[in-house]
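Open the model in your viewer and keep the selection box handy. We will go from one selection to the next.

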Amino acid sequence: MGPSWCLFVGLLLASASGKKLWDVPVSQAQQHSTGKPPWEPQCQYQLRHLQDSARISALLPPRLEGHWISTGCEVRPGPEFLTRSYLFYSNRLFKAYQFYYWDPSCHNPSHSLVIKGKLRLRQASWITRGATEADYHLHKVGIVFHSQRAMQEISARINQTSGGDCSGFFPPGRSWAPGVLYEVLSAKEGRDCTAALGFAMHELSLVRVEKHYEPLLQTQPSGSRTVEELYLGDIHTKWSERLHYRPTGYQRPLQSAVHHVHPCPACGTIYRSDEHHPPILPAKAELPIQLSGRWVSAHCEVRPAVLFLTRYFTFHGTNRTWEGYYYHYSDPLCKQPTFTIYASGHYTKGIPSSIVRGGTELAFKVTCARVTAIDPVTVTMLNSSEPGTCGETGFWSAGMEQDITLTNGCLALGIKLPHTEYELFKMEQDMKNGRLLFIGERPTDGSSPDRPEKRPTSYQAPLIQCARATGVFSKHISPRYLGKEDNNGNEALKPLPMAFLLSLMAMQFLRWD
């Protein structure tokens, strides 16, 4: 699959060409508007909206005091389906509820954990920019079973894998007693039987709080609504590693029980729940995977190994081809662009997952790719790469795109071509009847899901559908920001600290999705 295939794919995609993006100038006043101009394409608006840092602020140090809840059913690697409800008190104590389920709608509860402990914020993270490191100490962890099946399965795991005081913690044949709480961890008694559950609260060791100022609907008075989000550390995608892993990325954020998105039907249910009364969310019908159209990130995304990025995809269902832009940044608000990757290829017809209920399995082939270096640090790094390993060495310059297909990818960025990945997709509908596309979570260790057994069992942050038409990108979409000009009136490129060069050189694999 060489350049001739890329040319063929390009011509094929061009046949479905629609209106060009970024071909309408945006005035300075409109850049800072909270609303969408009537003439602006939805995809362009969403990309610009991601760059509007005026509507997002990070609280440093983060203020955790209060009640934080899930806004819907979450999926962790495994898979595990759960909702969360965390309370942080002014004296640094916390009580956290984790409700687990048998199904991806979080409708049929399995068991609940109630976790009590103490949290101490430390200093700004030197690994994950914008995060705060914390220490925590668990006092107690209790479990309540919501069915005989749940009790039998979990007690068998504890009895088989735990030693000492845990080996006979649940005698075989014990009948399920609704509402009974069993203490699986007690710091006072020196007992910890949680390892068999794959349980750890290392998510509390990395914290970030953001405030979002969302514009009100047109039918409401002018102004904005505040939404507060709590980002906690990510869960390792490999079960055997999660007990020891120290997070460098985030999970799906919790939201303040007072300042959350509207509408949010699940929020009240989760807020009122406890270990004896788990939230039971409405069962959802599984939506068929209809990829045709354009999809874009809803927020600046953070991945392990300190990667900040936004994504923009076009899928052409008629011939199962795809193309995508991956905009990389050096900051957690996605304001300082470093490089952009354009990739294209084709994908297989999806089949229902036999492992993750509600998921669809596909295989994606990446056949062509181009890279645009944006900041001087990235330019220097790519020009220092070995000849023949990443485009034309010595010819990289800021803002200029290079095709890396002829060099079979870019070794410096961990890109290999051609390349196949085994993916997991899911589609949902949001509260405003928009479509959300969930793509499989990348392996925490930075590797690629290049074999069926490495297929994801959980999801990344969802993409939102911004256009149903299957038009194509006729030119590169600039990730440079509006309002920054050099002496000639052109968009200026902001240099980045040398520390970011070290993080780029340490990257071994590119996260494609």
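**Start at a turn**

Select strand 3 and strand 4: they form a hairpin with three residues between them, and G78 in the turn has a positive phi of about 150°. Strands here (E, at least two residues) are DSSP runs, numbered from the N terminus. This is a predicted model, in which local features need pLDDT of at least 70, side-chain atom pairs count only at pLDDT 80 or more, and totals for chains, interfaces and linings use all residues. Residues are numbered from 1 along each chain as its sequence is written, and side-chain values use heavy atoms, with hydrogens and water left out.

**Along strand 4**

Strand 3 (residues 74-76) runs antiparallel to strand 4, joined by three bridges; E74 has L82 as its bridge partner. Two strands count as paired if DSSP finds at least two bridges between them. Next, add strand 5, which pairs with strand 4 in the antiparallel sense over eight bridges.

Now colour strand 4 by burial. Nine of its nine residues are buried, so strand 4 is largely enclosed by the rest of the structure. Buried means under 20% relative accessible area (1.4 Å probe, protein chains only), exposed over 50%, partly exposed in between.

**Zoom in on F88**

What stands opposite F88 in strand 5? Select F94 to see that partner. In strand 2, G66 stands opposite F88. Leaving aside neighbours within four places in sequence, the residues in contact with F88 (heavy atoms within 4.5 Å) include W68, L119 and L230.

Key
Helix = DSSP H or I, 4+ residues; strand = E, 2+ residues; numbered from the N terminus.
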